[in-house]
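Reader: I'd like a close look at one part of this protein, down to individual residues. Pick a stretch, tell me what it packs against, and then follow the trail outward from there.

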Amino acid sequence: MQIRNIPFIKTLTLLLLILMNLGLKAQDHPCLVLTKQGVREIQSQLGKVPLFDTSLADVKAEVDAEIALGILLPIPKDFSGGYTHERHKKNFLILEKAGVLYQISSYEKYGVYVRDMLLGYAKLYPTLPLHPQVRSYARGKLFWQALNDANWLVYVSQAYDCVYDFISPADRFIIEKDLLRPFADFISIGSPQFYDRVHNHSTWGNVAVGMLALVLKDEALLDRSLNGLKENGLPTDMKDNDGGLIKKQGQKTGFLANIDEPFSPDGYYTEGAYYQRYAMYPFLVFAEALQNNKPDLKIFEYKNGVLLKSVYALLNLTNSVGEFFPLNDAQKGMSYYSRELVSVVDIAYIYGGKDSSLLSIAKQQGRVQLGYSGMAVALGIKNNLEKPFEKISINLSDGADGKQGGVAIIRNKNKEDELTLVLKYASQGLSHGHYDKLSFSFYNNSTDVLQDYGLARFVNIEQKGGGNYLKENTTWAKQTVAHNTVVQNETSHFGGDFETGSKYASEKYVYDVSNPKVQIISANENNAYPGTTMQRTMALIEEEGFEKPFLLDIIQLDSKTANQYDLPFYYLGQIMSANFAYETAKIQEPLGKSSGYQHLWKEGNAILATDNAKISWLNKGSFYTLTSATQPDDEVVFVRIGANDPGFNLRNDPGIIFRKKNTQKATFVSVLETHGSYSPVTESAKNAYSSIETLKIIYEDANYIGVQIKNKSGVETLFLFATENNKSNQKHSLVINNKTYNWIGPYYKLKK
């Protein structure tokens, strides 16, 4: 007997499933970020806590405007920044906020809005093929990459949780059957190359599946989130669009693996601060949801509490105004005012022992997450509990075991100024990493003095490559010459090869900030160029006769062959003077043909005949002078970024390259001074000249280097450094110019 009445069969099946659903044990909703108890406590405080009330009013105004606009579900077609991309992005952000408003206010209009949009998506989603833009290694359906689809589900799961009891069982069945479950399956089982790896992408995917699993009380789905797929069928040599490896032999996957591997014991995330900021929202919001639903997992204690440590690491990876240091691929200007960090700081406060210093960050942010943690933060601020968050000099290890190099941050602060050195001696940093071993950047408060370029991308600006990474990110931004570090023979570290670079990390030699007047970091790199060793030692030193602390930079290279060594310094501002003669280019030509050199205009050069090369510039009201100890026939090349850039995708920032040719051993010694000021209002310049009279290497052998800095006041600073023995209790004795110097530990600083 054939049954032909298919619509009748579907209806009957639907009714049976609804009846089965009604018979299930009642589920508590909301249960993720919001809970029933949390909602009651929030409601009891409404109108009494200014920061929360303001945050709530802002969200209400935003959501009400979207409700008035109506539900818009365009057929996906655009890259980042395009209409369909931005519309669906706006939808998931508004859905989550509308769900929260429904819980806090009990106004049905918010529940209706969420329900109706989800039903609309439930009709749309089954009709969607893969996104028409084919650029991504893992295409989505609503968005051009599965990463954004995962973002959608992380937020929409929270919205669904908030209105779960408001939606009828019949509508819930449709939403789950036609939208949410297929969505979770697509970004996981259907996109294993996206989901089953260790990367910020997969973190979003794991969390999306996990958040939905908690809403649906689906243990199998939760296991898929925490522990990855049982089988993924991926080849071991598969790579993503950035050249990053997707699968490594024996590598664990899932949410827990994405905590285990990318985070160091200090909380540093190997991709760098920009992507740590991006990933911290799913990490922390899912941790909060797990704590509310699976407290026995003790997720905030996992790996010695690394998720909470990571919040402090991230806050310390910012300049004086909260902007993240642009390590690896990073958009300059991203800061802890982002929506991700608002939630992260609030969650860390409530689950990390209510550290009152976090309240000062939240107060600066000026808004809170609309949840129990946000209310707790707002109450703390109302009750004047906040204490200043003190950014400190800190060394953050890299690697799951903390043995893959790291990032050193050295700060010198007084009431008015903050000078900050950031030295990167970390691992490759996955697919968002750059070839920049022992590179550094330096800041005067929030001003870049010597900059890290960051990424070559205009995020979410459609006109620029669909808002995605531009080819110049590979040909320029990732290359060694784009950073303030040594380049050998005009080739990038590891030959610009990701797999080779991923095998190695630099090694810390000395990190000592115990004396605030002499703070030092030294690291070694022995693999970037086979047969060549590099040691970089940097010290931020307060000394009599200098207006502000100066930065001493020593780089020593030793190779089995003769090479050309280039050391770039990328400054911002206008050159004031140089103490040597130079020629400017009559015809603009690129400095080289590859490895980033093809993107540098050669604007001028000099063959040096002086012992010291001194270059001064003015930027944002302060003067800076770079003094370098030089040898005959050393070269200086003045460059500017922007050659071979027909799409005007690169910033035309200037740089100075110190070059040594045809030598096996080379030593670069420089001092950077921050001094003086200029006011365009009074048109007066103060202390516009360098304080340094001479800079000399007074001793160097296989075990030691000695540098002498003499200022114009007659004060001599002697810095002695043991390059082969870093033990803190080691005694040293060195004779220089018939005088014996004795000290204990790896370095000695003496004022004469």
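Author: Quick bit of vocabulary: a helix here is a DSSP run of H or I with at least four residues, numbered from the N terminus. Also keep in mind that this is a predicted model.

Let's zoom in on helix α16, residues 372–382. Is it mostly covered or mostly open? Mostly covered, with 8 of its 11 residues buried, where buried means under 20% relative accessible area. The buried ones are S373, G374, M375, A376, V377, A378, G380 and I381. Just past the end of α16, N384 takes a positive phi of about 55 degrees.

So what does the buried part of α16 sit against? Its buried residues pack against α2 (36–45), α3 (50–69), α12, α14 (339–351) and α15 (356–365).

Of those neighbours, α12 is the one to follow. The largest nonpolar core has 139 residues, and W152, L179, F255 and F286 touch the most other members. Helix α12, residues 273–293, gives the most to this core, with 14 residues. As a rule, nonpolar side chains in soluble globular proteins tend to be buried together.

Take F255 as a sample of that core. Leaving out residues up to four places away in sequence, F255 touches N206, V207, S225, L226, P282, F283, F286, L290 and I299. There is also a second, separate core of 60 residues, and A523, Y565, A613 and Y624 are among its members.

If you want a strand to set beside α16, try β14, residues 612–619. Here 7 of the 8 residues are buried, so β14 is largely enclosed by the rest of the structure. On one pairing, strand β11 (residues 574–578) runs antiparallel to β14 over 4 bridges, and S577 has S616 in β14 as its bridge partner. On another, β14 pairs with strand β15 (residues 622–629), again antiparallel, over 8 bridges. S616 turns up here too, standing opposite T625 in β15. β14 and β15 make a hairpin with 2 residues between them, and K620 in that turn has a positive phi of about 50 degrees.

To recap on your stretch: α16 has 8 of its 11 residues buried, and α12 is one of the helices that its buried residues pack against.

Notes: Residues numbered from 1 in each chain as written. Predicted model: local features only at pLDDT ≥ 70, side-chain atom pairs only at ≥ 80, totals over all residues. Heavy atoms only, no water. Core = buried A, V, L, I, M, F, W, Y, C linked by side-chain atoms within 4.5 Å. Buried < 20%, exposed > 50% of the residue type's maximum accessible area, 1.4 Å probe, protein only. Contact = heavy atoms within 4.5 Å. Pairing = 2+ DSSP bridges.
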